[in-house]
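Visitor: I have a structure open and would like to learn how to read it. Could you walk me through it?

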Amino acid sequence: MKYINHIIILSSVLVLACILPYLLNLATAESVSSSFTYYSSVNNMFCTNKYQDGKYVRMSEKGDVYNRAESDSILPMLNYRQLLADSRMPDSIQNQAVDVKKISINNFFFRYRPTNKNRAHIGLYPLFESMSGRVRLSMPGDVFRINERIEFLDPSSNTIKEKKSLLFTGVFNDKGFSFPARKIWGNTSSRKAYDEGYFILDGDNKLFHLKMVNGKCFLRDTKFKGEIEFLMPQEPGNKEFYAFFFAKDNILKIISTDKYKISTIPCPKINFEQDKLSLMGNMFFWNVKVSYNNADSLYAITSNSKEKVSSICIPYDIKENNYYNYIFPFYVYLEQGNSKYIKPIINFTEAGIFAVNLLFGLLFFIFCKIRKKKIYLSDYIWIFFTGIFGLISVMIFKNH
Amino acid sequence: MFKNIAYKEWLKCRYAFIAIVITAIAQIVYVFVGISKSMRFVGSEHIWDVIVNRDVFLLSSLKYMPIIAACTIGLVQFIPEIMQKRIKLSLHLPLPENTILKYMLGFSQVLLLMFFACHIILIISILSFYFPLEIVVSAFYTLLPWYLSAFVALAFIPTICFEPVLIRKICLFILGLALVKIFYISDFPSAYIFNIVNCIILCVAVIPFAYISIDRFKRGVSD
């Protein structure tokens, strides 16, 4: 019977380890003011917009402060629409002629969150017609999956389109695709300027590019072979590249539209399981930003040669809540910010917490003496190892 | 003796169980008529698109049905036992007390397990008519934690009912609520796919909690 009571105390300890830190954070958390940093194509330095001493400030790396209109001029690649409306749009930047069309075609925004990767995906994909001749993409009327062959499913009847499936499977076999597919990546939304299909890692870790062109299967071996953790297809206006990807080495790479050439993108140190990445590109520079728990780190790289020209690190203004580590011996999380999955994670704090746990043990001893209760070793073992969680659980659920 | 105890428990639960079965079937019919209507109005392709690419879960209205079913069965089974402390009569049967409790708990757990098995088989069968295997599997993994939460709730009901001390009863209620909440943290499709084993371990681990309460009840513990 005492073993059952220990299970009750254990479940109470784990529940308290989940709830108490959450409640304390709810009561004491303070907001972190975020900043926006962009590399200026005009003065070739980073400019940051942020709240400082209660005011919204726009300033350069050197400390020059700008008002709103000046900031628009310093960052023309970002604020070109405002400059155009104010008739302040320059004719040339960086000795190159610029116009709105050129800027908008070359501007792109790419964002990666760990939750993009760490979530369940249903393995059904719509294969759009890439050369429909229409401005807008329309839904293809079927979805495909790749197991031992590629199969197209008709949603209206929930059946396999055998003719189309056989046609495409034949092309896959001719190109040396090894079934089943290990991973498939693509942009499944129809809200994009054009469609570049899917990138598929086959059974031998070879990367293939799949599209549907005039109803026919377009499948190309990119000649890349290796592990890919995650690949993020893009449809930039200038059609210079297909996708970004990374492997376990945490190096960001790009697949260009020039014969699937792969090159490395200079990027601040990143752990793709924990950190966020965003990339704002224009015709001159790409801003590569990695967001950590306590800071943003940015690189500015040239858009044509992909060479790093500048970098900056901006720490967050966070007040550390170190007292958590002196009260709680561990925390239990079920939800993590970097994943859509629910998984229990236990984070242990410092070893010195055992001294605080002895204090809780002493409190329990005094409580037992006042209430004239018998003292049991098992209760003290719980309190020594689980601290305040054990103290509360033992006081409520003890059953000697 | 098991058959006699099972029959006694069935007599307590039968009307509630029949009401639950009728409600569950009506709910399934309502949900799938709604899905069918949506498919006629916006097209099957759009429905598949919102499920696959926008993470919409069409069966979210079934979320609380398992736990409501478990609480209903648990309450109709154990509330009569604590009225005027009628459980004492059951504990005086010519069987070890733990065996009697095992039969009583086991009856409702097995009844619920059979009901949920039939319920989920029915849902999967109808889903397979409209959707491919990938969507059906995703729906199964999304529904499963909600079914498992019902077993935790069912285990806590006799634990709370038989506990003689009010303060500990309230604390057990809060503990039960917190443990059940674990299964409802996220509605994201297949969010619990890597945590199913932990959930099943939790369901099994809480089953013997009622033994502590009945032991305390027998001993007449008052603090």
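Guide: Let's begin with a term. A polar contact is a pair of N or O atoms within 3.5 Å; within protein, one must be able to donate a hydrogen and the other to accept it, and residues adjacent in sequence count only if both atoms are side-chain atoms. Keep in mind that this is a predicted model. Across the interface of chain B and chain A, the rule picks out 11 residue pairs in polar contact, both residues at pLDDT 80 or more.

Visitor: Which helices of chain B supply at least two residues each to the side that touches chain A?

Guide: Helix 2 (44-53), helix 5 (97-130), helix 6 (133-162), helix 7 (166-181), helix 8 (196-206) and helix 9 (209-219) of chain B each do so. The largest share is seven residues, from helix 2 of chain B. By residue type, the side of chain B that touches chain A splits into 27 nonpolar, nine polar and nine charged.

Visitor: How many salt bridges are there between chain B and chain A?

Guide: Two. A:Arg145 makes a salt bridge with B:Glu134, and their closest N and O atoms are 3.0 Å apart.

Visitor: And how do people put a size on an interface?

Guide: The size is often given as the accessible area lost when the parts come together. Here chain B and chain A bury about 3500 Å² between them, with 67% of it on carbon and sulfur atoms. In terms of contacts, 45 residues of chain B meet 41 residues of chain A.

Visitor: Now sheets. What should I look for?

Guide: Strands of a sheet pair through backbone hydrogen bonds, either parallel or antiparallel. In chain A, find the open sheet of three strands in the order 8-9-10, with antiparallel pairing. Strand 8 (143-146) and strand 10 (159-160) of chain A are at the edges with a single partner strand each, so one side of each lacks a neighbour in the sheet. Strand 9 (residues 150-154) and strand 10 of chain A pair over two bridges, and A:Leu153 sits opposite A:Ile160 in strand 10.

Visitor: What packs on that sheet?

Guide: Helix 6 (residues 162-174) of chain A, which touches strand 8, strand 9 and strand 10 of chain A. The direction of this helix makes about 160° with that of strand 9 of chain A.

Visitor: Any backbone details to check in the loops?

Guide: Try two. The peptide bond from A:Phe179 to A:Pro180 is cis, with omega near -10°, and A:Pro180 lies in the loop between helix 6 and strand 11 (183-186) of chain A. Then go to A:Ser87, in the loop between helix 3 (80-85) and strand 5 (92-93) of chain A. Phi of A:Ser87 is near 55°, a positive value in a residue other than glycine.

Methods
Residues are numbered from 1 along each chain as its sequence is written. Chains are lettered from A and ligands numbered from 1 in the order in which they are written. This is a predicted model: local features need pLDDT of at least 70, side-chain atom pairs count only at pLDDT 80 or more; totals for chains, interfaces and linings use all residues. Side-chain values use heavy atoms; hydrogens and water are left out. Two strands pair if DSSP finds at least two bridges between them. Helices (H or I, at least four residues) and strands (E, at least two) are DSSP runs, numbered from the N terminus. Contact means heavy atoms within 4.5 Å. Axes are lines fitted to C-alpha atoms, for helices over the stretch in contact, and angles run from 0 to 180 degrees between N-to-C directions. Buried area is the accessible area (1.4 Å probe) that two parts lose on being put together, summed over both. A salt bridge is a side-chain nitrogen of Lys or Arg within 4 Å of a carboxyl oxygen of Asp or Glu. Ala, Val, Leu, Ile, Met, Phe, Trp, Tyr, Cys and Pro count as nonpolar, Asp, Glu, Lys and Arg as charged, and the others, Gly among them, as polar.
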